[in-house]
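Okay, thanks everyone, I'll keep this short. Have a look at the model on the screen, and then I'll walk you through the sheet, the helices and the cores.

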Amino acid sequence: MPASFFFPSRGPLSRRAFLRGAGVTLSLPLLDAMSPAFARAAPAAPPRRMIAIQTNMGILSQHFFPAEAGLDYKLTTYLEILKAFKDRMTVLSGVSHPAVDGAHEAEKSFLSAAPHPGGAGFRNSISLDQYAAEQLGPVTRFPSFALDVNAEGTQGMVFSRSGVKVPTEKSPAALYRKMFVQGNPAEVEARVADLGRGRSALDFVSADAKRLGRSVGPADKARLDQYFTAVRDLERQLELGQEWERKPKPKASAPALTDVTENKKLIDKIRLMLDIARLGFESDSTRVVSLFVNTFSIVADLPGVKDETHSITHHGGRKEALDQLVTIESAQFRALAGFLANLAGVKEDGEALLDRTMVLYGAPMGNAASHDNRNLPVLLAGGGFRHAGHLAFDAKKNYPLPNLFVSMLQRLGVPADRFATSTGTLTGLRSG
């Protein structure tokens, strides 16, 4: 029986193309005709990166949103902390995710824009960071970092294509070791063997689950289909992990990190996570990072703060509660300012790392006191955009925030023309 090629008739040849004949399947080697994601990248194109940060308890709008639109807006209390980066950031007002409601439940849809996260039977869709990592392909050792500070239970904003919550990393020290500690040859080979055993186990579980799928009802069949997709995603990660395990790891530009374990040390924990994100970008270990910050039940170890964050968001106008919120939120903005300064101080091929890194910062509630999921406080810094100052959209008829996500994906080099409920790219924001 003659061998036959198995590949699409149009476009670049898939890396997964193979020869098949006489009962034998033979994978093809990497060819120039294969997908550009695995073949000839344009040498002049600089690497682009993104980090998405959510602080889940809102941001006091009166201290965030400027009164004026455009480039010449007056800095508010929180934006004053970021004044060194005013010409390298865009502040958005009057934006939200269409059909995303559910008060605190909206945190799950912050990066996916999946509608009605508080509704019965809600199923999430792929989050921006995972979509970006998927489209970029295995250009780095780690497709993405999913980080969290003080997340509890099912909290988070990172979801796979099948709507499954992606496990997050809580330990900067552990992630540092994964990035920079090579291990001796025996340890490396043991790790590769572990990955191989994991992949074989997945194959076995998948076959077993498929047999089960033939005997269950439609609802369970849908759940199993979701599971199969998650299994395939994990199999791919294991395969890529084997390839990367034998490649030398980069040298660290900073000493090993030590974890902060006390939840009340909120700002210290945020700074550590931002440090590990910067090291990931600087070493090109990853180009996609997400950071979920939970302040819900935390009594932050900050001067004058004596109550947990959630209780003081329902402040009723009380000065004591508002003062505590300003202290907590100002400290978070100072941590963000330090991160932006660190990125600006790192040069890559003569260009500041900040100008190659998009930094998205925001919250899933515009008003935490009333659990309002509209008029979200959002800013975008860096990334080499021609920043627009304050883009003020309609506070009553909000502009779709997913349009910003499309602009970010395109800046990464991902040929996306829509994401979730987007209607296009972000009006008023242009690439540099």
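**A walk through the fold**

So, of the 432 residues in this protein, 50% count as buried, and by buried I mean under 20% relative accessible area, with exposed being over 50% and partly exposed in between, using a 1.4 Å probe and protein chains only. Before I go on, this is a predicted model, where local features need pLDDT of at least 70, side-chain atom pairs count only at pLDDT 80 or more, and totals for chains, interfaces and linings use all residues. Residues are numbered from 1 along each chain as its sequence is written, and side-chain values use heavy atoms, with hydrogens and water left out.

The protein has nine helices and 16 strands; these are DSSP runs, H or I over at least four residues for helices and E over at least two for strands, numbered from the N terminus. Take contacts, meaning heavy atoms within 4.5 Å: among those between residues at least 6 apart in sequence, 66% join residues at least 24 apart.

Now the sheet. Seven strands make an open, mixed sheet, in the order β7-β8-β4-β11-β12-β5-β14, where two strands pair if DSSP finds at least two bridges between them. Which strands stand at the edges? They are β7 and β14 (389-392), and each has a single partner strand, so one side of each is left without a neighbour in the sheet. Ignoring direction, neighbouring strands here are turned by 15° against each other on average; for angles like that, axes are lines fitted to C-alpha atoms, for helices over the stretch in contact, and angles run from 0 to 180 degrees between N-to-C directions.

Let's take the β7 edge. β7, residues 145-149, pairs with β8, residues 288-293, in the parallel sense over five bridges, and A146 has S290 as its bridge partner in β8. Is β7 covered on one face or both? Both: F145, L147 and V149 are buried on one side, and A146 and D148 are buried on the other. That fits with five of its five residues being buried.

At the other edge, β14 is joined to β5, residues 89-93, by four bridges, and the two run parallel. There, T90 has G389 of β14 as its bridge partner.

Okay, helices over the sheet. α2 lies across β4 and β8, at about 165° to β8, while α9 lies across β4, β5, β11 (357-362) and β12 (378-382), at about 160° to β11. α2 and α9 also pack on each other at an angle of about 25°, with axes 11 Å apart. Angles under 35 degrees count as roughly parallel, over 145 as roughly antiparallel, 65 to 115 as roughly perpendicular and the rest as oblique, and α2 and α9 are therefore roughly parallel. On the α2 side we have L128, Y131, A132 and L136, meeting F405, M408, L409 and L412 of α9.

α2 itself, residues 128-136, is mostly covered, with seven of its nine residues buried. What covers those buried residues? The cover includes β4 (49-55), β8 and α9 (402-412). Right after α2 comes G137, with a positive phi near 80°.

Upstream, in the loop between β6 (95-96) and α2, you'll find S109. S109 is buried, at a relative accessible area of 0%. Beyond its neighbours within four places in sequence, S109 contacts H97, V100, A114, P117, F122 and N124.

The other helix pair is α6, residues 266-282, with α8: the angle is about 20°, and the axes are 10 Å apart. α6 and α8 are therefore roughly parallel too. Among the residues making the contact are I270, L274 and F281 of α6 and I328, A335 and F339 of α8.

Last, the cores. A nonpolar core here is a set of buried Ala, Val, Leu, Ile, Met, Phe, Trp, Tyr and Cys residues joined through side-chain atoms within 4.5 Å. The largest has 61 residues, and I51, F64, L82, I276, F333 and V359 touch the most other members. Helix α8, residues 319-345, gives the largest share of this core, 13 residues. A second, separate core of 40 residues includes V95, L136, F419 and L426. Back to I51: leaving out residues up to four places away in sequence, I51 touches L274, A277, F281, V289, F339, M358, V359 and L360.
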